[in-house]
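Here's a walk through a few spots in this structure, written with the bench in mind. Have the sequence and the 3D view open as you read.

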Amino acid sequence: MPESAARRWRWFIAWAFPGACCALSISALAVFTAPVAILAVLVLRRHRIGRDAIGLLAGIGVTVAVIGSLNLDYQACSARSGSLVLPVGAKSISSSCGGVDGVAWLIAGIVVAAATVTFYWATTRRSWNRGTHAAPTVG
């Protein structure tokens, strides 16, 4: 991979960081991640904006996939009302249900991240094949 192409991927990954922060901003962590996301976008915008900024979507996709993978033990709550019956000799029982359906989030995150990386790779590769990566010559 030419040095310039490796550098472009670094910018793509740099743009993925504020994307991940934005995805976490819908949680209780928003107090910490929202300012970091805003600051990162402002810094990156000063240095480079363009095709690499699609990394924001990749960061969101990866974060959604991680949230999904952390919730793979999801159990839907029963719609019927009833009571729990304790086994003989037990004084209490622990049960939990609800939350986030991890499989759906995992699939959505993987699809978004994979589509974004594939699109970036294809467009970057196309520009390298056409020779548009080189600086224009004055002549």
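A residue is called exposed when its relative accessible area is over 50%, and buried when that value is under 20%. Keep in mind that this is a predicted model. With a relative accessible area of 52%, Val 111 is therefore exposed. Val 111 sits in helix α4, and it has company: together with Leu 72, Val 103 and Ile 107 it makes up a nonpolar patch on the surface. The accessible area of those four residues together is about 360 Å².

Now for a residue that goes the other way. Thr 116 is also part of helix α4, which covers residues 102-130. Its relative accessible area is 5%, so Thr 116 is buried. What does the side chain of Thr 116 have a polar atom close to, at 2.7 Å? That partner is the backbone oxygen of Val 112. Setting aside neighbours within four places in sequence, Thr 116 is in contact with Phe 12, Ile 54, Leu 57 and Ala 58.

Phe 12 comes up again when you look at the aromatic rings. Searching the whole structure turns up 3 aromatic pairs, and two of them are set out here.

| Pair | Centre to centre | Angle between planes | Arrangement |
|---|---|---|---|
| Trp 9 and Tyr 120 | 4.8 Å | 85° | edge-to-face |
| Phe 12 and Tyr 120 | 4.5 Å | 25° | stacked |

Both pairs bridge distant parts of the chain. Trp 9 belongs to helix α1 (residues 3-24) and Tyr 120 to helix α4, with their positions 111 residues apart in the chain. Phe 12, in helix α1, and Tyr 120, in helix α4, are 108 residues apart. Why does the Phe 12 and Tyr 120 pair count as stacked? Its planes are at 25°, and the stacked label goes to planes under 30 degrees apart. Trp 9 and Tyr 120 are both buried, and so is Phe 12. Taken together, Trp 9, Phe 12 and Tyr 120 form one aromatic cluster.

One last stop is a loop. Ile 49 is located between α2 (30-47) and α3 (55-70). Is Ile 49 buried or exposed? Ile 49 is exposed, since its relative accessible area is 58%. Not counting residues up to four places away in sequence, Ile 49 touches Trp 15 and Leu 44. The C-alpha atoms of Ile 49 and Phe 12 are 9.9 Å apart, and the two residues are separated by 37 residues along the chain.

Notes: Residues numbered from 1 in each chain as written. Predicted model: local features only at pLDDT ≥ 70, side-chain atom pairs only at ≥ 80, totals over all residues. Heavy atoms only, no water. Helix = DSSP H or I, 4+ residues; strand = E, 2+ residues; numbered from the N terminus. Buried < 20%, exposed > 50% of the residue type's maximum accessible area, 1.4 Å probe, protein only. Polar contact = N/O pair within 3.5 Å; in protein donor to acceptor, adjacent residues only side chain to side chain. Contact = heavy atoms within 4.5 Å. Patch = residues over 30% accessible without salt bridge, like charges linked within 9 Å, V, L, I, M, F, W, Y side chains within 5 Å. Areas by Shrake-Rupley, 256 points an atom, 1.4 Å probe, with all protein chains shown as cover. Salt bridge = Lys/Arg side-chain N within 4 Å of Asp/Glu carboxyl O. Phe/Tyr/Trp six-rings, centres within 6.5 Å; stacked < 30°, edge-to-face > 60°.
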